[in-house]
Every structure is written in C-alpha cells, then in structure tokens.
Amino acid sequence: MTVESTAARKPRRSAGTRKSPSTKPELVQLLTPEGKRVKNAEYDKYVADITPEALRGLYRDMVLTRRFDAEATSLQRQGELGLWASLLGQEAAQIGSGRALRDDDYVFPTYREHGVAWCRGVDPTNLLGMFRGVNNGGWDPNSNNFHLYTIVIGSQTLHATGYAMGITKDGADSAVIAYFGDGASSQGDVAESFTFSAVYNAPVVFFCQNNQWAISEPTEKQTRVPLYQRAQGFGFPGVRVDGNDVLASLAVTKWALERARAGEGPTLVEAYTYRMGAHTTSDDPSKYRADEEREAWEAKDPILRLRRYLEASNHADEGFFAELEAESEALGRRVREAVRAMPDPDRFALFEHAYADGHALVDEERAGFAAYQASFADGEGA
Ligand SMILES: Cc1ncc(C[n+]2csc(CCOP(=O)(O)OP(=O)(O)O)c2C)c(N)n1
Ligand SMILES: [Mg+2]
C-alpha cells in the first residue's frame with residue numbers, strides 16, 4: 001500500500017470527505033457482475049467441489065431472504081412492525097459467509113443479519129418479534145448457535161472474542177464469526193476485540209459488511225485506509241472480498257474459518273457491498289445520497305449475477321425459477337400471517353426482570369402504571 005506522507009502536506013481544515021490514500025485495494029471476486037466465473041489461484045479451491053445443486057441452493061437462499069426482507073419492510077409500512085432494518089443488497093455477503101459455517105460454529109450478528117439467520121435455521125418469523133415490540137429477542141441462541149441481534153454497535157465483536165477464547169480453553173476446533181458494519185469499525189469495542197483476539201490467537205472471523213454507509217455517514221468518514229488493511233496493524237490478515245459475489249464470500253469465509261480451526265488466530269474479512277435500501281424504515285436515504293450511486297450498485301446485484309451464471313452454465317432451468325417464485329410467495333404469506341397472529345405481551349411484563357429480588361421504585365412505577373391503565377373507561381389502557 002502506498003501511503004502519502006501526511007507530514008509533507010499542509011493540514012486541511014476539513015478532511016471529512018477526502019478519499020482514503022491508498023493504491024486500488026485488491027478485491028477477491030469469483031463471479032463478475034455479468035455472471036462470468038473468473039479464476040482465482042488462492043480461493044478457487046474453497047469452492048472447487050461445489051455442485052450445481054449447491055449453487056441453486058445459494059440462489060434459493062438469497063431469493064427467499066430477499067423475499068422475507070421485502071415482506072418485513074411492507075409489514076412495517078402497514079403498521080405491523082415498529083421498525084425494520086433491511087438487508088437489501090447484502091444477500092451474497094450473508095449467504096456466502098453463512099453457508100461457510102459449520103453447525104458447531106457460533107455466530108454473533110448485528111441487527112441486519114437476516115440472511116445469516118436463515119442459514120442457521122432460525123425461523124424468519126422469529127426475527128420479527130423484537131421489531132414488533134412483543135419480545136426482546138425471539139429465539140434461543142443456543143439452539144442454532146446464533147446469538148440474539150445486537151443493537152449496541154460493535155459490542156458483539158467483544159462477545160465473539162470472549163466466546164472464541166473460551167473455545168480455545170475447551171480445546172474444541174469450532175470457530176466464531178462476528179458480523180459488524182463499516183460504521184462499527186470506528187468503535188473502541190471493535191479495536192479492543194482485535195487486540196484481544198490477536199494476542200490470544202482466538203479462533204474468530206471478523207466479518208465486516210462494508211455497505212458504504214453508517215446511517216448517513218459514508219465510509220470515508222470512518223477510515224483513511226481500506227478497512228481490511230486495519231487488521232495488519234493488529235497482527236492478523238485482512239482480505240477484501242466482493243460482498244455481492246456469493247461464491248467469493250463463501251470461499252473467503254471458508255479460508256478464514258479454516259485458519260481459525262487450525263489455531264492460526266483471527267482474520268478480518270471486509271465484504272465490500274452496498275446497502276440498497278434505507279438504514280432502517282425510519283431513515284430516508286434520499287436526504288444524503290444520490291440516486292446514481294444506488295443505480296451503479298444495482299448493476300452489481302448479487303442475485304442477478306448468480307442467476308446469469310446459473311443460466312449461462314445450464315445449471316438451472318425455467319422450472320427451477322418458477323418453483324422458487326411460488327416458494328417465495330408462500331414464504332411471504334406465512335410471514336405475514338405469523339406476524340399478525342403474534343400475541344401482545346402482558347403489559348406488566350415491562351416491570352419484570354429489572355431486579356432479581358424486586359425494588360421499591362419498580363413497585364411504585366408498576367402501581368402508577370396500573371392506576372393509569374384503570375383510568376380508561378374499559379380499564380384496558382390505550
Ligand atoms: C454504541 C452505539 N452508538 C450508536 C448507535 C446508533 N446507530 C445505530 S445503527 C448505526 C450505524 C451503524 O453503521 P454500520 O456499522 O455501518 O452498520 P449498518 O447499519 O450499515 O449495517 C448507529 C450509529 C448504536 N446503536 N450503538
Ligand atoms: Mg454500514
């Protein structure tokens with residue numbers, strides 16, 4: 001990497017949108033946006049044994065994940081969910097990395113890893129309870145080795161590191177993967193987890209989905225170097241992969257997991273991708289980014305590129321795509337019905353679990369809330 005000498009330059013008053021000073025970063029890509037398979041001496045072997053059936057499986061995973069995500073966005077617009085964080089555009093990064101995992105590996109997600117949840121076998125309807133406000137999670141993390149969604153940006157990288165250090169102490173050969181975003185890379189927690197995992201040689205893969213935005217902040221505001229290069233300073237390898245290429249995401253994550261299992265310590269994978277939708281349903285990206293940017297990334301759509309490859313190599317026929325379309329619609333219906341049928345929680349559950357043995361202040365607040373509820377004509381509250 002070429003880094004300009006900062007000492008030689010005059011200080012700038014506002015360097016906020018200055019591009020990172022580096023040569024063009026290397027990007028691992030196995031499928032071009034046009035769906036052409038390109039050779040890669042280092043990573044081809046990690047997908048060498050992939051069958052046409054497995055390729056169709058990856059395509060199915062991405063299509064169903066996108067369908068589920070679209071349904072959730074609609075449900076929020078219809079007032080059935082309080083909020084939704086869409087993964088639109090990030091399907092390949094999530095399905096590729098998710099399918100690289102073994103059942104005994106452990107995943108620490110953010111709040112956007114719906115595709116990874118799908119790969120872990122978490123029922124998609126379980127992801128929606130928290131966004132509807134009827135529960136605090138919705139699944140048992142240990143059933144699928146998929147931790148609950150984490151909203152406190154970057155904190156799950158520390159949980160993942162601690163868990164990975166525990167795996168080493170147990171003498172197991174499983175691995176951990178921590179998902180986080182480009183914005184999260186600026187958090188102290190992430191730097192601390194890099195330090196700890198490096199010096200303890202913890203079997204953890206840091207999977208950063210650089211979707212170019214942290215709400216309205218572009219990646220240029222997070223870093224002066226390509227994010228994958230950060231790893232070097234902590235003493236472990238970093239790789240940038242085309243996050244819209246499901247094959248490359250699968251291959252690179254397999255490589256990183258193998259390193260972890262072999263006792264070679266952490267790896268940083270930067271999946272270079274794009275958040276095609278809003279940050280969440282509370283956000284309006286038209287306020288801070290240009291339509292042309294989104295359009296340029298639409299041309300690199302992860303689902304379209306695998307479809308092109310499947311068609312060009314005769315690995316899938318019209319019947320496959322038609323069946324999948326029907327399966328998508330059925331999934332949408334199932335999700336819609338499940339959300340509408342979710343029972344409202346007991347309002348007083350709000351006061352439970354704040355203290356193990358109760359607390360006078362909580363008792364007072366509970367009584368105040370009960371009085372408020374009773375003040376309505378039907379005694380049922382608002
Ligand atoms: C510690 C903390 N600070 C701030 C926030 C508010 N917040 C929620 S999402 C977000 C941006 C995260 O961006 P990024 O890490 O790139 O992930 P993305 O949402 O793009 O997937 C922020 C600042 C938070 N949830 N936690
Ligand atoms: Mg981001």
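Gln209 is found in strand β3, which covers residues 204-210 of this predicted model. With a relative accessible area of 4%, Gln209 is buried, because that value falls under the limit of 20%. The side chain of Gln209 makes a polar contact, at 2.9 Å, with the side chain of Gln90. Gln90 is also on the list of residues in contact with Gln209 once neighbours within four places in sequence are left aside. That list further holds Ala93, Gln94 and Glu113, the run Tyr179, Phe180, Gly181 and Asp182, and finally Ala271 and Thr273.

**The loop before β3**

Asn201 lies in the loop that leads from α7 (188-199) to β3. Asn201 is partly exposed, with a relative accessible area of 36%. Its phi is near 50 degrees, a positive value in a residue other than glycine. Most residues other than glycine have a negative phi. His353 also has a positive phi, of about 65 degrees, although it is not a glycine. His353 is found in the loop between α12 (318-340) and α13 (360-374). Its relative accessibility is 77%, so His353 counts as exposed.

**Ligand 1 and Ile153**

Ligand 1 is surrounded by 15 residues. The closest of them are Tyr111, Arg112, Ile151, Gly183 and Ala184. Backbone atoms of the protein lie at short listed distances from nitrogen and oxygen atoms of the ligand, as the table sets out.

| Residue (polar backbone atom) | Ligand 1 atom | Distance |
|---|---|---|
| Ile151 | nitrogen | 2.8 Å |
| Ile153 | nitrogen | 3.1 Å |
| Gly183 | oxygen | 2.8 Å |

Ile153 is found in the loop between α5 (141-144) and α6 (155-170). At 34% relative accessibility, Ile153 counts as partly exposed. Leaving aside neighbours within four places in sequence, Ile153 is in contact with Tyr111, Ala184 and Gln187. Tyr111 and Ala184 are also among the residues closest to ligand 1. The C-alpha atom of Ile153 is separated by 8.6 Å from that of Asp189, a residue 36 places away along the chain.

**Salt bridges**

The structure holds 23 salt bridges. One of them joins the side chains of Glu91 and Arg66, with an N to O distance of 2.8 Å. Glu91 lies in helix α2 (residues 91-99) and Arg66 in helix α1 (residues 52-77), so this pair ties together parts that are 25 residues apart in sequence. Glu91 has 0% relative accessibility and therefore counts as buried.

Another salt bridge links Arg275 with Asp283, and here the closest N and O atoms are 3.7 Å apart. Both Arg275 and Asp283 are buried.

Arg294 and Glu298 form a salt bridge too, with 2.6 Å between the closest N and O atoms. How far along a helix are Arg294 and Glu298 separated? They are 4 residues apart in helix α10 (residues 291-298), so the separation is about one helical turn. Arg294 counts as partly exposed, at 29% relative accessibility. Glu298 is partly exposed as well, with a relative accessible area of 31%. Elsewhere, salt bridges that share partners join Arg67, Glu71, Glu329 and Arg336 into one network.

**Nonpolar cores**

The largest nonpolar core has 66 residues. Those that touch the most other members are Tyr43, Tyr59, Leu81, Leu128, Phe146, Val252 and Leu306. Which helix gives the most to this core? It is helix α9 (residues 246-261), with 10 residues.

Leu81 can be followed in more detail. Not counting residues up to four places away in sequence, Leu81 touches Ala72, Leu75 and Gln76, then Leu128, Phe131 and Arg132, and lastly Val339. Leu128, one of these partners, is itself listed with Leu81 among the members that touch the most others. A second core, separate from this one, has 19 residues, including Ala164, Val176, Ala231 and Leu268.

**The annotated domain**

An unreviewed UniProt entry lists residues 60-340 as "domain: Dehydrogenase E1 component". Over these residues the chain is 47% helix and 11% strand. The C-alpha atoms at the two ends of this stretch are 26 Å apart.

Conventions
Residues are numbered from 1 along each chain as its sequence is written. Chains are lettered from A and ligands numbered from 1 in the order in which they are written. This is a predicted model: local features need pLDDT of at least 70, side-chain atom pairs count only at pLDDT 80 or more; totals for chains, interfaces and linings use all residues. Side-chain values use heavy atoms; hydrogens and water are left out. A nonpolar core is a set of buried Ala, Val, Leu, Ile, Met, Phe, Trp, Tyr and Cys residues joined through side-chain atoms within 4.5 Å. Buried means under 20% relative accessible area, exposed over 50%, partly exposed in between (1.4 Å probe, protein chains only). Contact means heavy atoms within 4.5 Å. A salt bridge is a side-chain nitrogen of Lys or Arg within 4 Å of a carboxyl oxygen of Asp or Glu. UniProt positions are given in the numbering used here, feature names are shortened, and annotations may be inferred rather than shown by experiment. A residue is near a molecule or strand if one of its heavy atoms lies within 4 Å of it. A polar contact is a pair of N or O atoms within 3.5 Å; within protein, one must be able to donate a hydrogen and the other to accept it, and residues adjacent in sequence count only if both atoms are side-chain atoms.
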